[in-house]
Amino acid sequence: MSHSEGIIGTLDEAVETLAAEARELYLDRHVPVLDAPPSPLSFYREYVSPNKPVLIRNGLQHWTANNKWTPQYLREKIGGCVVTVAVTPNGYADAITDGKFVMPEERRMEMSNFLDIMEHPDQHSGVFYIQKQNSNFTDEFREIIGDVESDIPWGTEAFGSLPDAVNFWMGDTRAVTSMHKDPYENLYCVVRGSKTFMLIPPTDAAFVPYETYQAAKFIERDGEFQIEEDVDTGEVPWIAVNPLNPDLSLYPEFGKARGVEVTVREGEILYLPSLWFHHVRQSHGCIAVDFWYDMQFDIKYNYYNFLQNVNSVNRKMTKI
Ligand SMILES: O=C(O)CCC(=O)C(=O)O
């Protein structure tokens, strides 16, 4: 055995032990469900501090959006507002296509136009998804922000600050969010339809393979989508597997990751803790609003970062 093989073997064993111990000691096999919102203290103690997801029912009854947000209401209230929509030929925005990290074509269109497309997706070329994550809700949907609360009060108290961003999501059932992680604490609220999340804990970060890809964008010309390289963005690291259909012959280490699936339905809130990997699918026309809170940097962050670094050292040494 070469020296580098010996080091890789030792690192592999160490990260496997860490991941196994996390599962045995505190991670749940399924996402737990609460029938009512927790108190800020128990939310913090039982979920935020150990960085564990939880599904919360009956926490949004007071949002008037629940009854109001029909296509007809949205047409009447914001039909004339211009919103940003991600368009792709395959439903995959910010994902790997043809060996590149391909971002969507961003189009600005009236909401009524977007709703027409949602009603008759087959009559249009491309898959349309409102998914801009720059607090698009407070920015582009101002006329309906009063239909939901401006934060989730028990979350705000537990996290110790107001949300950094509030995002509005609505789209086609073919639109998929490829696996990634965010440095935010996320309270993800579904108003219409359902979203299905595949979640992988950050304690499995050593098993989630990243590669470096040339950035590119979809552009539709004469009814045909093309992929155009984005030289300004250059190369970006991105997760190399689709967790629903991973190529384990190329990335066998991914077989050691333990994902958990959870479906969030109308009126439910998913607490998606910071740095959890997530891949998301949805029912057609699903509408969601999520609240991104600043993540708290504590020793867990260093632990997850270490696992991620082991992953990349391991991969580099394997390629030597
Ligand atoms: O709803 C989606 O498609 C993706 C949600 C997501 O990635 C997020 O909130 O961070």
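Start by selecting strand S9, residues 165–171: six of its seven residues are buried, so S9 is largely enclosed by the rest of the structure. Keep in mind throughout that this is a predicted model.

**Neighbours of S9**

Now add strand S8, residues 127–130, to the selection. S8 and S9 run antiparallel and are joined by two bridges. To see one of these pairings, pick Tyr 129, whose bridge partner in S9 is Gly 171. Next, show S19. This strand pairs with S9 over seven bridges, also in the antiparallel sense. Here Phe 168 and Val 289 of S19 stand opposite each other. Strands of a sheet pair through backbone hydrogen bonds, and the pairing can be parallel or antiparallel.

**Around the ligand**

Select the ligand and then the residues that surround it: Gln 131, Trp 169, Thr 177, Asp 182, Asn 186, Tyr 188, Lys 195, His 278, Val 280, Ala 288 and Asp 290. Three strands each give two or more residues to this shell, namely S11 (184–192), S18 (277–282) and S19 (286–294). If you colour the shell by class, you should find four nonpolar, four polar and three charged residues.

**The five-stranded sheet**

Next, show strands S4, S10, S18, S12 and S16. They form an open sheet in the order S4-S10-S18-S12-S16, with mixed pairing. At the edges are S4 (92–93) and S16 (260–265); each has a single partner strand, so one side of each is left without a neighbour in the sheet.

Zoom in on S12, residues 194–200, which pairs with S18 in the antiparallel sense over six bridges. Pick Phe 197, a residue of S12. Across from Phe 197, in S18, stands Val 280, which is also one of the residues around the ligand.

Is Phe 197 buried or exposed? It counts as buried, because it has 23 C-beta neighbours inside 10 Å and the cut-off for buried is 20 or more. Leaving out residues up to four places away in sequence, Phe 197 touches Glu 261, Val 262, Val 264, Leu 270, His 278 and Val 280. Measure from Phe 197 to Leu 270 in your viewer: the two are 73 residues apart in sequence, while their C-alpha atoms are 9.5 Å apart in space.

**Strand S17 and its partners**

Leu 270 leads to the next stop, strand S17, residues 269–272. Ile 269 and Tyr 271 point one way from S17, Leu 270 and Leu 272 point the other way, and all are buried.

Which strand is joined to S17 by four bridges? That strand is S11, and the two run antiparallel. Cys 189 stands opposite Ile 269 in this part of the model. S2 also pairs with S17 in the antiparallel sense, over three bridges. There, Leu 55 is opposite Leu 270.

**Helix H2**

Select helix H2 and display Phe 43, Tyr 47 and Val 48, which are buried. They cover an arc of only 70° around the axis, which puts them on the same side of H2. The buried residues of H2 pack against S2, helix H7 (153–159), S11 and S17.

**Two asparagines with positive phi**

Move to the loop between H2 (40–48) and S2 (54–56), where Asn 51 is found. Then go to the loop between S2 and helix H3 (65–68), which holds Asn 58. Most residues other than glycine have a negative phi. Asn 51 has a positive phi, near 60°, and the phi of Asn 58 is near 60° as well.

Their surroundings are not alike. Asn 51 counts as buried, with 24 C-beta neighbours inside 10 Å. Asn 58 is exposed, with 12 other C-beta atoms within 10 Å.

**A buried loop residue**

Select Val 208, in the loop between S12 and strand S13 (210–221). Val 208 is buried, with 24 other C-beta atoms within 10 Å. Apart from residues up to four places away in sequence, it touches Ile 200, Ile 239, Phe 254, Ala 257, Phe 277 and Asn 311. Its C-alpha atom is separated by 31 Å from that of Thr 156, 52 residues apart along the chain.

**The annotated domain**

Finally, select residues 133–308, which an unreviewed UniProt entry annotates as "domain: JmjC". Over these residues the chain is 12% helix and 43% strand, and the end C-alpha atoms are 24 Å apart.

Conventions: Residues are numbered from 1 along each chain as its sequence is written. This is a predicted model: local features need pLDDT of at least 70, side-chain atom pairs count only at pLDDT 80 or more; totals for chains, interfaces and linings use all residues. A residue is near a molecule or strand if its C-beta atom, placed from the backbone, lies within 6 Å of it. Ala, Val, Leu, Ile, Met, Phe, Trp, Tyr, Cys and Pro count as nonpolar, Asp, Glu, Lys and Arg as charged, and the others, Gly among them, as polar. Two strands pair if DSSP finds at least two bridges between them. UniProt positions are given in the numbering used here, feature names are shortened, and annotations may be inferred rather than shown by experiment. Two residues are in contact if their C-beta atoms, placed from the backbone, lie within 7 Å. The arc is that of the directions from the helix axis to the C-beta atoms.
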